[in-house]
Amino acid sequence: MRTLAYGSWPSPIDAALAAAHDGHPEYVGFVGDEAWWTEPRPAEGGRRTLVRRRADGTEEPVLPAPWNVRSRVIEYGGRPWTGTVVDGEPLVVFAHFADQRLYAHRPGAGEPRPLTPVSPVGGGLRWAEPQLLPERGEVWCVLEEFTGDGPVDVRRVLAAVPLDGSAAQDRDGVRELTDDRHRFVSGPRLSPDGRRAAWLAWDHPRMPWDGTELLVAEVTDDGTFGEPRTAAGGPRESIAQADWSADGRLLYASDRTGWWNLYRDGEPLCPREEEFGGPLWKLGHRWFAPLAGGLIAVVHGRGATTLGILDPETGEVVDAAGPWTEFAPTLAVHGERVVAVGASPRSAYEVVELDTRTGRARVVGAAHDDPVDAAHYPEPQIRTFTGPAGREIHAHVYPPHHPACTAPGDQLPPYVIWAHGGPTQRAPLVLDLEIAYFTSRGIGVAEVNYGGSSGYGREYRELLREQWGVVDVEDCAAVARALADEGTADRDRLAIRGGSAGGWTAAASLATTDVYACGTIIYPILDLAGWGAGETHDFESRYLETLVGPYAEVPARYAQRSPTEHADRITAPFLLLQGLDDVICPPAQCERFLSRLQGRRVPHAYIVFEGEGHGFRKAETMVRVLESELSLYAQVFGLNPPGVPTLELTK
């Protein structure tokens, strides 16, 4: 063992390695007997490709560059593809990110052909959750259509697109299945006999985890919908997902008890104080999938998720054996096979197949392969801290770790508090080479699932109601102080870091507390009044009414909590990172914030990235981000990490 100061340990996990392994497989599905999924390509401009696993076990990308299988519906996107076998060959339909058109493609049979037109209005036409109905010659999906140039000039309906390409240049060729009485809809699920369709809908100012309606309509022989009826849900009941059992009964995940549990025709199947659903940030998330024999594959848990099989007759859940401790909200079933995406603190997300007949689970795609000796990975701790008023705060603590280095006994390590985005999200306990990039150099990381995070029931989720900028800031600070008080972290070398809503929390923490010596703020919200008055996209345009309160009623609260309004209170150095194509948290937020800082001589750096939106996807961007962040900590904490370019801080 070498004795070296914290922050100066040599690490094989460099920024390029972390960037190369960013992202994970999503949106699994079956095409015939084959498992397919989308997969990131950071080195190819951050595009996502479609991957198939052939019967012999080989994997191959279905679409070469520049095809990018990604939807922009509600900006966060949704399931962008579907597939089936027609005449013995695969047929897939997917949304291409560049123009958001739907394309049909037969692998090996030429280029994809467009099915939908380009619209010159606003954000154009966008599509998500496609479902192939070859017998009708259509693909049914969610259509998001802009009616003007503003971010909220938009309507959403369920629509049927002809597979013959007759609507490729003709908007009138798209058949609308529903009207636009609801602001938001999810994709329809057809009953096994094809005679009923179920989907979710909700309206401003609610977010889908606040309250949704489960709608059901009869489907006529000519493919039109009858008048929909509300089967479940409401303003204070969130239905996260709906589907049909093989015998035609309606299944859904509702949080009417305070936890997302499964119901069949209104009756609870497995009442537990844990989640069988989650926040619908992307259309097409799936936490359960009914099997033909009556069993139901489920992703469930409390503060973490596992893959299980639920027997709806007994309420018993049998979880899949294996090393995976976290499963993403994506599932597909075929016969007795279940495909999911799982990860653990020692392995990144990989495609997992469960055979329900044998109970055997195995990796079938995107298999984790250690890029370095796993001895360099962090060894996380699941912790619960006590916050203001005695409330629980959930966190994952990653102490500095290196197999061949230790620090002098009289030193305490620097720590970075990570605030996740959302804020109605959750930091999963999985291998993340961005975290390992810091811990393997001697810098600790603590991910805080502050009050408002999902995964712990509705009551915990609603701790943030009208308290954004208060509870999240308090909880992060409480964890930081507790780590210092117990001798885990150096009180004088604490930092905070976050992106999107986490960027808000980081900036608000620097403006309202004296806990942190510096901070990293990534594509943040900084000015509530501006963000809530037309600077963001439609999906979250009224989110602040629940997070902060209606602006007309509490305008002072918007000013009181905004970091932009209190930039004069910030004295700690910071790094601000922003994508120039971000329509969710636009650059104007950063520019207004920085203008308030002029002349205050606070050391900082502002780096913008062309071609990046909300969530960095290009490998070169992620390298610059990590190296700049590490350099900030090195300068502020007095560290000496080898081989890291120096970030120039201006005043």
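## A tour of two cavities and a helix pair

Start by selecting W209, D210, T424, R458, R461, E462, L464, R465, Y543, T546 and L547, which line the largest cavity. A cavity here is a set of points on a 1 Å grid over the protein atoms alone where a 1.4 Å probe fits but cannot get out, and lining residues have an atom within 4 Å of a point. Two elements give two or more residues to this lining: α3 (458-461) and α7 (544-547). The model is predicted, with local features needing pLDDT of at least 70 and side-chain atom pairs 80 or more, while totals for chains, interfaces and linings use all residues. Residues are numbered from 1 along each chain as its sequence is written, and side-chain values use heavy atoms, leaving out hydrogens and water.

The volume of the largest cavity is about 120 Å³, counted as the space filled by probe spheres set on the points. The whole structure holds two cavities of 30 Å³ or more.

For the second largest, at about 40 Å³, select Y76, G422, P423, W468, S500, A501, I525, W531, E540, Y543, L547 and I584.

Keep W531 selected and add G530 and E535 of α6, then A588, Q589 and R592 of α9: these make the contact between the helices (heavy atoms within 4.5 Å). Now show α6 (residues 528-535) and α9 (residues 587-597) in full; they pack at about 150°, with axes 11 Å apart. The two are therefore roughly antiparallel, the term for angles over 145 degrees.

Notes: Axes are lines fitted to C-alpha atoms, for helices over the stretch in contact, and angles run from 0 to 180 degrees between N-to-C directions. Helices (H or I, at least four residues) and strands (E, at least two) are DSSP runs, numbered from the N terminus. Angles under 35 degrees count as roughly parallel, over 145 as roughly antiparallel, 65 to 115 as roughly perpendicular and the rest as oblique. On a 1 Å grid over the protein atoms alone, a cavity is a set of points where a 1.4 Å probe fits but cannot get out, and a pocket is an open set with protein on both sides within 12 Å along at least five of seven lines; lining residues have an atom within 4 Å of a point.
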